[in-house]
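User: I'd like to go through this model with you and check the reasoning behind each label we put on it. Could you take me through it step by step?

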Amino acid sequence: FPADDAGETFPEGACNSSTQLDVAVGPSSGAAIMSALPAADAMTMGGTPASSAIDLAADHLRAIDSDDPKLMVFVTDGAANCAPGSTAADAFVYDEGLQEAVAAANMDGITTYVVGIQIDTELDPFTGVVASEQLNEVALLGGAALDGDDKFYSVEDQAALSAALDSITAELGCTMDLGEEVDPEREASLKVANEFTDQIADCESEDGWMYGADGASIQLCGQACSDFQASG
């Protein structure tokens, strides 16, 4: 945040936000994503136009014709402070459109994971809100809230951010919808990364696969899940 053209002066461009994606959804996009990110020493004097970013990403996902799970990872270092029409003169009003955008995405089957970096737990005199409380609400509306006091992934440094993203990734992509219910006693052979994988009974402690509790899915567990995430 915000857009590349926000500039190095304040408040010019502080609430500019991109009107198109830097990298579209697709496989093997890691290098493109990394090249789209600003350099580590980049200086941008900007705000946090969160709702416009969420709307842009969600609209892109809505347009993809696929039964695959759709999700967003929203990473921020503070409250959304670019309400429509707000400027430095009115101290960047809190943008309640963030909650609305995330809730609308969730209604359309798009889950939002929320990651907050060094989030303040005190009242912000500019926006008039407590950033941590707002992100808790966003996480609940996004459909991926954590248990405990912090409903979002609260991190303080680069290592914690990496761990949070790894944790989110670990939840994704290891349950496959079969499209119809099947007999749980039915035997099946399954390969992950070109290796046959055993059918197991306990996903918490074993490596392999098992039928989902809904009777209409397969769940990869342990190393089988990790292998799938690594190999696709």
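Analyst: Gladly! Let's begin with helix packing: axes are lines fitted to C-alpha atoms, for helices over the stretch in contact, and angles run from 0 to 180 degrees between N-to-C directions. In this predicted model, α2 and α3 pack with their axes 8 Å apart and at an angle of about 15°.

User: Why are α2 and α3 called roughly parallel to each other?

Analyst: Angles under 35 degrees count as roughly parallel. The angle here is about 15°, and therefore α2 and α3 are roughly parallel to each other. The crossing of α2 past α3 is left-handed.

User: Which residues of α2 and α3 meet?

Analyst: From α2 come A50, S51, I54, D55, A58 and R62, and they meet G97, L98, A101, V102, A104 and A105 in α3.

User: What puts the buried residues of α3 on the same side?

Analyst: Helix α3 covers residues 97-107, and its buried residues are L98, Q99, A101, V102 and A105. They are on the same side of α3 because they cover an arc of only 165° around the axis. The face turned away from that buried side carries E100 and M107, which are exposed.

User: Against what do the buried residues of α3 pack?

Analyst: They pack against α2 (50-62), β1 (70-76), β2 and α4 (131-142). Just after α3 comes G109, with a positive phi near 85°.

User: Why is T112 called buried?

Analyst: Buried means under 20% relative accessible area. T112 has a relative accessible area of 0%, so T112 is buried. T112 sits in strand β2, residues 110-117. Apart from neighbours within four places in sequence, T112 is in contact with M72, F74, V102, G142 and A144.

User: How do you know that β2 is largely enclosed by the rest of the structure?

Analyst: The count for the strand settles that: 6 of the 8 residues of β2 are buried, so β2 is largely enclosed by the rest of the structure. For the chain, 33% of the 232 residues count as buried.

User: What makes β1 and β2 a pair, and how does β2 pair with β3?

Analyst: Two strands pair if DSSP finds at least two bridges between them. β1 and β2 run parallel and are joined by 7 bridges, so the pairing criterion is met. V75 stands opposite V115 in β2. Strand β3 (residues 153-155) also pairs with β2 in the parallel sense, over 3 bridges, and there I117 stands opposite V155.

User: Why are β4 and β7 called edge strands?

Analyst: The open sheet here has 3 strands in the order β4-β8-β7, with antiparallel pairing. β4 (175-177) and β7 (208-211) each pair on one side only, and that makes them the edge strands. From one strand to the next, the twist averages 20°.

User: How many bridges join β4 and β8?

Analyst: There are 3 bridges, and the two strands pair in the antiparallel sense, with β8 made up of residues 217-221. One bridge partner pair is D177 with S217 in β8.

User: And what is the pattern along the sequence?

Analyst: The chain has 6 helices and 8 strands, and they follow the pattern α-α-β-α-β-α-β-α-β-β-β-β-β-α. The C-alpha trace spans about 65 × 35 × 35 Å along its principal axes. Among contacts between residues at least 6 apart in sequence, 63% join residues at least 24 apart.

Key
Residues numbered from 1 in each chain as written. Predicted model: local features only at pLDDT ≥ 70, side-chain atom pairs only at ≥ 80, totals over all residues. Heavy atoms only, no water. Helix = DSSP H or I, 4+ residues; strand = E, 2+ residues; numbered from the N terminus. Buried < 20%, exposed > 50% of the residue type's maximum accessible area, 1.4 Å probe, protein only. Contact = heavy atoms within 4.5 Å. Arc of directions from axis to C-beta. Parallel < 35°, antiparallel > 145°, perpendicular 65-115°, else oblique. Left-handed = near helix turned anticlockwise from the far one by under 90°.
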